[in-house]
Amino acid sequence: MKELIKQLVQVPGPSGYESAIRETIREIIKPHVQETRVDAMGNLIARVGSKSKGGMRVMVAAHMDEIGLIISHVEKKGLLRFSNIGTVMPRYLPASRVLFLNGTRGVIHSDRHDDLSKIQPISQFFVDVGASNEKDCPVKIGDLAVFEGEFLDLGKRVSSKALDDRSACALMIETIKTIKQTPHELYFVFCTQEEVGSRGATTAAYQLDAELGIAVDVTPVGDILGVKMQVNLGEGPAIKVRDMGHIADPAVVDWMVRTAKDLKVPYQLEVLDVGSTDARAMQISRSGMPSGALSIPCRYVHSPSELIDMDDYGQALNLLTGLLSQEIRLEKK
């Protein structure tokens, strides 16, 4: 499982430019699905199974895109000013390394300032690609970059950029490979542009018109000082109850909790005060659908060195496979 995650995180794919990671995933899943297609938004949609008695049409979504930078200005000395693609946090920028989609590499630094205790805004950072002037700079306005760094195997845990949300993409791939039979028509959607507003999931949910939606994503953890939420690394996947854009359907939450208990999968309940997932887009598509989210606990989200626990990942695989392999009973209250 580590090798699959490592393979996926190393492919650059900022929001709107997911073609390389999409083709990587399509080649991996092609032997294990009934069909694949790519829609106008660039979402990769794969079908597994056919709907039988007691079955449902289910959309399972994880996003392929990652946060990144877009160049807005090239200075006379060859330094590059940039804006953000998705939520890029200034505190993670100093001395970070980046890889442009044209293969150029660079390092981020900032304008000189007197108060080192303050975090500067993105507008005061620049990328240095080693150019001495504007003319010999290999990067132009509009070029995109992603963070670059080594995939770290820390034993039970791994660290890398883009674990948000390539770890969930890997989880969906493993689920596709693991499911032996299902009464459902399952649509695994590897979505585009989640980091800029769940744009891919919005169009995919509309066209699929599913009866149930499940988003798979990472979630920040509360086992770091100063973070106030009760999800901890190494204590199992999280079942979302609420985030800033989505109140999970109570019947979906109950079903996921019941299944986790039946499978003896450790789980945590998640109430998140920042961000949202593709579940929001699914919930309000067309006339709406019941939706929920399964989360992989993750430290240092939206940094160049995100970190997950492989036990959480493995238990999330057990739970997602179990949820999709049997009849779904949503008990409305």
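## Helices and sheets in a predicted model

Tutor: Welcome! In this predicted model, helix α5 (residues 250–263) packs with helix α7 (residues 310–325) at an angle of about 110 degrees, and their axes are 10 Å apart.

Student: Thanks! Is α5 roughly parallel or roughly perpendicular to α7?

Tutor: The two helices pack at about 110 degrees. Angles of 65 to 115 degrees count as roughly perpendicular. Therefore α5 stands to α7 as roughly perpendicular.

Student: Which residues of α5 and α7 make the contact?

Tutor: Let's take α5 before α7. From α5 come Trp255, Met256, Thr259, Ala260 and Leu263. The partners in α7 are Asn318, Leu319, Gly322 and Leu323.

Student: And is the crossing of α5 and α7 left-handed or right-handed?

Tutor: Good follow-up, as the angle was given without a hand. For α5 and α7, the crossing is right-handed.

Student: Let's turn to the sheets. Which are the edge strands of the open sheet of eight strands?

Tutor: Its order is β1-β2-β12-β3-β13-β16-β14-β15, with mixed pairing. An edge strand here pairs on one side only. That description fits β1 (35–38) and β15 (268–271).

Student: How many degrees does the twist average from one strand to the next?

Tutor: This value belongs to the sheet of eight strands, which is open. From each strand to the next, the twist averages 30 degrees.

Student: Within that sheet, what is the bridge partner of Val48 in β12?

Tutor: Strand β2 covers residues 44–48 and β12 covers residues 185–191. The two run antiparallel and are joined by five bridges. Opposite Val48, the bridge partner in β12 is Leu186.

Student: Which strands does helix α4 touch as it packs on the sheet?

Tutor: Helix α4 spans residues 199–208, and its direction makes about 170 degrees with that of β3. The strands α4 touches are β1, β2, β3 and β12.

Student: What is the order of the open sheet that three strands form?

Tutor: The pairing in this sheet is antiparallel. Its edge strands are β10 (152–153) and β17 (306–309). Two bridges join β10 to β11 (residues 157–160). The order is β10-β11-β17.

Student: What angle does the direction of α7 make with that of β17?

Tutor: Here α7 returns, packing on the sheet and touching β11 and β17. With the direction of β17, that of α7 makes about 60 degrees.

Student: Last one: which residue lies over the face of Tyr206?

Tutor: Aromatic pairs offer no candidate, as the structure holds zero of them. The residue over the face of Tyr206, at 4.1 Å from the ring centre, is Arg286.

Terms used:
Residues numbered from 1 in each chain as written. Predicted model: local features only at pLDDT ≥ 70, side-chain atom pairs only at ≥ 80, totals over all residues. Heavy atoms only, no water. Phe/Tyr/Trp six-rings, centres within 6.5 Å; stacked < 30°, edge-to-face > 60°. Lys NZ or Arg CZ within 6 Å of the ring centre and 35° of its normal. Pairing = 2+ DSSP bridges. Helix = DSSP H or I, 4+ residues; strand = E, 2+ residues; numbered from the N terminus. Axes fitted to C-alpha atoms, helices over the stretch in contact; angles between N-to-C directions. Contact = heavy atoms within 4.5 Å. Parallel < 35°, antiparallel > 145°, perpendicular 65-115°, else oblique. Left-handed = near helix turned anticlockwise from the far one by under 90°.
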